Each structure stands twice: as structure tokens, then as C-alpha cells.
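Thanks for making the time this morning. I would like to walk through one model with you, taking the pocket and then some places on the surface.

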Amino acid sequence: MIQTFWHTFSAAPHRLFFFSGALQLLLPAVAWSLELLYRYSDIWPQPELIFPATWAHGMVMLYGLFIFFIYGFLMTVFPRWMGGELIQRQHIISTWLWLTSGLLIFEVGLYTGLRVALSGLLIFLLGWSIGMIALYQSFRQAPTNDKFYERLLLIFLGFGALGIISFAYWMYSFEWRFLELSRNIGIWLFLLPILMTVCHRMLPFFSSNVIPGYINYQPRALLLLLLAGCLLHFTLEQLYIRHWLFVIDGSMMLIAGWLSYRWQIHRSFSNHLLAVLHMAFLWLGIGLLLLFMQSLFMFVQDIYILDRAPLHALTIGFATSLLVAMASRVTLGHSGRQLVLDRISWYLFLGIQLAVIIRISADLHFESALDHHTLNLLAISLWLICLGIWVIRYAPIYLSRRVDGRDG
């Protein structure tokens, strides 16, 4: 019985990684909601963490959550994209095991002690590195000459590892510049570049399978300009030259908006499974617009008006929406089910969009702190409800055999 279950659970990369990722969609959110309840109401005893919850929250959300879905997806598609051999099963299991156990130890260590948390983070980094090596071997051995996307994705995974090292060194030394470095790497050199690259590779492909008369539009120069913008944004952030960020963010916003238009978001709504991918990518342009406005106000009047609204538009709006959209598609397709997003899943996705809007609204300046607190709690509650139902619906699929009887 156990052997049969393990054979099913480990039959494909996405099963292992998406299941762990699904848990991480909920566990940190529950912990964060308890933290907010204490901050705003005192009705819940204050959690005692080894350092402020905001920093732990940022680390887990940037590096701990998305990497499971990234590895689950990349270990599935790398061999297909390049016409190479499947990644070896032991490498997949090792990566998943060390990533999962390391992150859980880190999260327990946040409440029990610095040494435990640091040990967990290093174990997590080990799993990350094993996964990179497995993907690099697939990259190196693949027969195709065109490895444009795969090369970029490996580079950004490497930056992600550097971001974890920076956070670990901050935990060891408490030199604050390494905490900020880790955050900036996580956003601008790891998460956003990977998601931009995946969207550029996959959105036109998915659209061409659904939209009649669709013409693929994938100019690599525009992707490289977006990635160069990420690098420049990171550099100006690190140099504290934020007043000039509007030049970079405005340019990236125009490119993202143009791609949404050329990828025909307006024609995607006839198929909800495709529409959710386009809607997720639209948040990239919205987040960059908010960053553009933030920096422009700083340049003109030296006013910081939007707080973390742009960051939440990018990380919750773009990244989390894309995670749910892509994971839903992969889960359905690789379990032998029809590529159709049912009505419940569609409404859950719309609920997540509403949670993003509420969370962004909470970052705006209100005369009463009660308005901010209420919106913040409403956003995290809606997040937990929608993603909780999504996990209940999709996580059991990773533990069950394909409905068509095939392996995988």
C-alpha cells in the first residue's frame, strides 16, 4: 500500500513539488493572519519569533513558496523544450526532499531558535542547489542548439540561490544591508525574471492552441529589455537612487502592456483556463504602473505615496495569480483531465483577484488606521478562503493516479 502510494506520488515532478507548494500557500498565510490579529486586536497572544514577522514573511513568500511550483514546472518541461532525456528520478526526489524538509525546519526555527532556522535554511539551499544541478545536466546534455529560455532560467535560479545566501548571512551577522540585498535579489533578479521568461515562452503557445487565427508574437528583444529593466531596477534600488526608477519602470510598463495587447488578452476570455494566464500577466503591467507612479511622485515632490501597493501588485497580483493559473493548467493536463477550468475554480481565481485589489487598497494612506487594518484582514481572509478551497480541490490529484490510466 505505502509503496504503491509513493510510486504514484513520485511518478512525475509536479506531483511532489506542487503538493509541497500547495501546503506553503496556506501555512505561512495562517501564521501571518495570526500575526495581524495580534497587531490589530490583541485577541490572539503575540507569536514569539526570533526576528520580526515581516522579514520572515518576506523570506518565505519570495523564496519558499514559489520555488516548489518553479521546480515542479521546470523539471517537467526542460526535457520537452530541448528534446532531451527525462531528469533522473533520484534527482527529482532529492531536490524535493531537501527543499521541503529545509523549509519546514526553517519555519519551525522561526519560533524555536536561530540555529534551527539557520540550519533549515541551509538544508533548503542544498535542495535548491541539487535542483539547479539536475536542470543544468538536462540543459548540457540536450541535443538542441536553441537553449535561449533554459539558459536564462538557470541564471535566475542562480541569483535566487545568492539571495538565500544573503539572507542566511544576515541571520548569522545581522548586518542589515544583506537583508535588503536578499529582498531585492528575490524580487528583481529571481522571481520576476523567471515568471517573465516563462510567460514569454508559454503564453503565446497556449494562446495559439485556443484562439482561432492566432499569430505567435515572441520577440526575444522585448523579453531581454524587460530583464534588463529588472537588472537596472535592482541596481538603482541598491544604490538608493529611487527617484529615477520611473524611467525604468515606465519603460517596462509599456513593454508589458504591449505584450498583453499583442498576446490578445481581449480574445482569451472565451476559454477561462487561458484567460486566467492572461489576467495574471496583466498584473505585471499594473504593478509596474504603480511603481512608475511611486517613483515619479518621489522625483517631483519627494512624496512616498503608495507604500507597498506596487510590491503587492507584483507579488500577489502577478506572481501568485500566475502560480495558481499555471498550476491549475499543469495539474489538469498531467492528470489526464480535460483542459477546462470549471466554474468553481474560475470563481476562486476571481476571488484571488479581489484579494489583490483589497490588499493594494490597504496600502493607501487612510485617515483612520482602522480602515487599513480592516482591509488587510479582509484580504488575508479572502486569500485563505480561495486558496484553501483551491488546495482542497487540487492537492488530492497529486496523490492519485491519472484518470486516463497512463503513467505520470
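Which helix gives the largest share of the lining of the largest pocket? Before I answer, please keep in mind that what you see is a predicted model. The helix in question is α3, residues 53-82, which contributes 9 residues to that lining. The lining as a whole is made up of 50 residues, and those lying nearest the centre of the pocket are Arg183, Ile187, Arg308, Leu311 and His312. As for character, 28 of the lining residues are nonpolar, 13 are polar and 9 are charged, and the space in this largest pocket comes to about 1,200 Å³.

Let me turn now to the surface. There is a nonpolar patch of about 570 Å², and the residues that make it are Leu239, Ile241, Trp244, Val247, Phe299 and Val300. If you look for Ile241, you will find it in the loop that runs between α8, residues 220-238, and α9, residues 245-262. Ile241 counts as partly exposed because its relative accessible area is 34%, a value that falls between the 20% limit for buried and the 50% limit for exposed.

The last residue I would point to is Val340, which sits in the loop between α11, residues 309-333, and α12, residues 343-362. Is Val340 buried or exposed? Its relative accessibility is 52%, so Val340 counts as exposed, given that the cut-off is over 50%. Finally, the C-alpha atom of Val340 is 9.6 Å from that of Ser328, a residue 12 residues away along the chain.

Notes:
Residues numbered from 1 in each chain as written. Predicted model: local features only at pLDDT ≥ 70, side-chain atom pairs only at ≥ 80, totals over all residues. Heavy atoms only, no water. Patch = residues over 30% accessible without salt bridge, like charges linked within 9 Å, V, L, I, M, F, W, Y side chains within 5 Å. Areas by Shrake-Rupley, 256 points an atom, 1.4 Å probe, with all protein chains shown as cover. Salt bridge = Lys/Arg side-chain N within 4 Å of Asp/Glu carboxyl O. Helix = DSSP H or I, 4+ residues; strand = E, 2+ residues; numbered from the N terminus. Buried < 20%, exposed > 50% of the residue type's maximum accessible area, 1.4 Å probe, protein only. 1 Å grid on protein atoms, 1.4 Å probe; cavity = no way out; pocket = protein on both sides within 12 Å on 5 of 7 lines; lining within 4 Å. Points joined across faces, edges and corners; volume = space filled by probe spheres on them. Nonpolar A, V, L, I, M, F, W, Y, C, P; charged D, E, K, R; others polar.
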